[in-house]
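Good morning, and thank you for coming. I shall speak about ring pairs and enclosed space in one protein model. Please keep the structure in view as we proceed.

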Amino acid sequence: MDSNSSNTTTGGNLGETIHQQLDQWYTFLVDDLSDKRSENFPFLHSPLWPVSVLAVYFLLVFYWIPNFMRDRKPYELRRLMVAYNVFQVVVCYCLIRQHVRHGWTFRYLYACELADYSDGKDALGILYGSYLNYLVKTAELSETVMFALRKKRSQISFLHVYHHVLTYMLAWIFAKYVGGSMLTYTIVVNSVVHMFMYSYYLLAVVPDYVPFRLSKLKRYITSIQIIQLVSILVNILFAARSGCNIPRTHILLYLPYMVVLISMFVNFYLKTYSGLSRTLGVCYTDGGVPAAHQSTERKVQ
């Protein structure tokens, strides 16, 4: 009895010790390392938020919606797509304006600008911009949901899912732990490119009102995306140089993601515009042009 009681007590103490250790690690990683100014921001404090959002995202895109749409015709969603693309153009402009009015300049590409964790007006302005970027990346996950509802399975590529999921996770990490520094270059340059990209998507939804063929723009939109990604990689390399005290953890997460993303975009560009896969009719930047308009466009060409 004494031996069994001793073993039970030892097991209980071990379990309690492990629980306390895990609790300490959670507090350290989630609370102690984070930017205290953002701890009360909605949908940001707990890692359960991004985990839950991505769980729902994968279930919707790869299970619930495909099962729901199996015997149904694809939804058109034209009005929703118009509203969404207009929203993206406007909010991207707001992101650019928010950063520029609080001191952001092009020198953030190469200069070692550290995050300002004070409660100053400009420091908080940059933090709010980082948080708004996180909310925007959350909203961008709905694009895959719209593809699924429209039965555009070819557009739900590995590149598309990889890009949106990793960008969303990095935006959460950045808003929670960094909230500033020269790495905000990514937010600003990405917003500039997205203004062009979503303007193109908007025109693609209403091609009858466009006086030129949108297909000519596809190559240039993808080229701009690649140039943007390369410039972001350069920004990260500048941040990683010796003597620049940008948080190394974020750089180590961001650098391999960007290298892989650039290689995937370049590979996509070469396959799509070198004639190897043009006949597939698959383009990451097709903006969701309805099939009827695509076939009409091909006949005109």
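Phe-62 has a relative accessibility of 46% and counts as partly exposed, where buried means under 20% relative accessible area, exposed means over 50%, and partly exposed lies in between, with a 1.4 Å probe and protein chains only. Phe-58 is also partly exposed, at 35%. Please note that this is a predicted model, in which local features need pLDDT of at least 70, side-chain atom pairs count only at pLDDT 80 or more, and totals for chains, interfaces and linings use all residues. Residues are numbered from 1 along each chain as its sequence is written, and side-chain values use heavy atoms, without hydrogens and water.

The two phenylalanines stand 4 residues apart in helix α2 (residues 48-69), a separation of about one helical turn. Helices here are DSSP runs of H or I with at least four residues, numbered from the N terminus.

How many aromatic pairs does the structure hold? There are 19. Rings of Phe, Tyr and Trp (its six-membered ring) pair if their centres lie within 6.5 Å; planes under 30 degrees apart count as stacked, over 60 as edge-to-face, and the rest as tilted. The ring centres of Phe-58 and Phe-62 are 6.1 Å apart and their planes meet at 20°, so this pair is stacked.

Let us turn to helix α4. Tyr-131 and Tyr-134 are 3 residues apart there, again about one helical turn. Their ring centres are 6.2 Å apart with planes at 40°, so the pair is tilted. Tyr-131 is buried at 13% relative accessibility, and Tyr-134 is buried at 2%. Both belong to a cluster that ring pairs form with Phe-41, Tyr-128 and Tyr-168.

Finally, we come to enclosed space. A cavity is a set of points, on a 1 Å grid over the protein atoms alone, where a 1.4 Å probe fits but cannot get out; its lining residues have an atom within 4 Å of a point. The model has 2 cavities of 30 Å³ or more. The second largest has a volume of about 260 Å³, volume being the space filled by probe spheres set on the points, which are joined across faces, edges and corners. Which residues lie nearest its centre? They are Asn-133, Lys-137, Thr-167, Thr-186 and Tyr-254, from a lining of 21 residues. Among the elements that give two or more residues to this lining are α4 (121-140) and α9 (248-273).

Methods:
On a 1 Å grid over the protein atoms alone, a cavity is a set of points where a 1.4 Å probe fits but cannot get out, and a pocket is an open set with protein on both sides within 12 Å along at least five of seven lines; lining residues have an atom within 4 Å of a point.
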